[in-house]
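Please examine the sequence and the three-dimensional structure shown below. The explanation that follows leads through selected residues in turn.

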Amino acid sequence: QVGINDLVDTSWWYQVRNYLLIRYLRRNGLSGTIWDVGSGTGIVSQALRDAGFQAVAIEPASGGAVSAAARGLPTVASTLEDLRLPERSISAIGLFDVVEHLAEPEALLAECRRVLAPSGQLYVTVPAHPWLWSQADTLAQHHRRYTRKSLRTLLENSDFTIQDCSYRLASLVAPLAIARSIPWRLGYRPESTSFHRQLDKQLGYSSTVLTRCLIGLESLVGGTSPIGTSLFACASPRSVAH
């Protein structure tokens, strides 16, 4: 059986997502240290560090924070709100697959808005399209999947100016619908281990080919697709006139 801590280190999905995320951060000019809020076990922070970025892992769950620290990452076991950082003190914040776990994400976004420097950047990734909902979302304790419009509305209502909001992993929409969403609508409710097997790298050579194919396809599409299983967004605090 694949544990979740093992899964994030071996999964082809995390490898592809992190590759695309690093490209996205570079394309949008990330500079300085990025605070990876809700970092979990630190899989994204480690990928960012390995790519040459400076990252701080912020994770309220003690188990995740311990795992992130074990990777040698600067780690704080806390929520962003509880840190009570000075206003306009951070250059970049990442909410990587975090917002969908919150019933009311506005409070976290308000804190991000408060602590980000006027020229700072907020990076967000969320699962896309409500019609792709499946048992995997329920097991992951998601509250929703987003559309480009709903994510833009959420960020704009939280006083952010959006530089980009675009879909990624268009090539996985059909497989996800067939393997997860349609069975869920037909009443199929599998255990979490079945989803672990779908994401597990331990599939051998075929998984390596899959990873390379997905990266190649995404490099061609470049975020221009009208659909995708994930949404990436980059935004900055909205200027306030005095």
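Leucine 186 lies in the loop that joins α9 (173–185) to α10 (192–199). In this predicted model, leucine 186 counts as exposed because its relative accessibility is 72%, and the cut-off for that class is over 50%. Together with Ile178 and Ile182, Leu186 makes a nonpolar surface patch of about 350 Å².

A contrasting environment is found at tyrosine 14, a residue of helix α2 (residues 12–27). Its relative accessible area is 18%, and since buried means under 20%, tyrosine 14 is classed as buried. Tyrosine 14 is separated from valine 44 by 30 residues in sequence, and the C-alpha atoms of the two residues are 8.6 Å apart in space.

The last site to consider is glutamate 218, which belongs to helix α11 (residues 205–221). Which side chain of opposite charge is nearest to glutamate 218, and how far away is it? That side chain is arginine 168, at 5.0 Å. Because a salt bridge requires a side-chain nitrogen of Lys or Arg within 4 Å of a carboxyl oxygen of Asp or Glu, glutamate 218 has no salt bridge, although the residue is buried.

The side chain of glutamate 218 does, however, reach a backbone atom: the nitrogen of leucine 169, at 2.9 Å. Leaving aside residues up to four places away in sequence, glutamate 218 touches Leu169 as well as Arg168, Ala170 and Ser171, and also Leu20. Leu20 falls within helix α2 (residues 12–27), the helix that holds tyrosine 14.

Definitions and conventions: Residues numbered from 1 in each chain as written. Predicted model: local features only at pLDDT ≥ 70, side-chain atom pairs only at ≥ 80, totals over all residues. Heavy atoms only, no water. Helix = DSSP H or I, 4+ residues; strand = E, 2+ residues; numbered from the N terminus. Buried < 20%, exposed > 50% of the residue type's maximum accessible area, 1.4 Å probe, protein only. Lys, Arg positive; Asp, Glu negative; His and termini not counted. Polar contact = N/O pair within 3.5 Å; in protein donor to acceptor, adjacent residues only side chain to side chain. Contact = heavy atoms within 4.5 Å. Patch = residues over 30% accessible without salt bridge, like charges linked within 9 Å, V, L, I, M, F, W, Y side chains within 5 Å. Areas by Shrake-Rupley, 256 points an atom, 1.4 Å probe, with all protein chains shown as cover.
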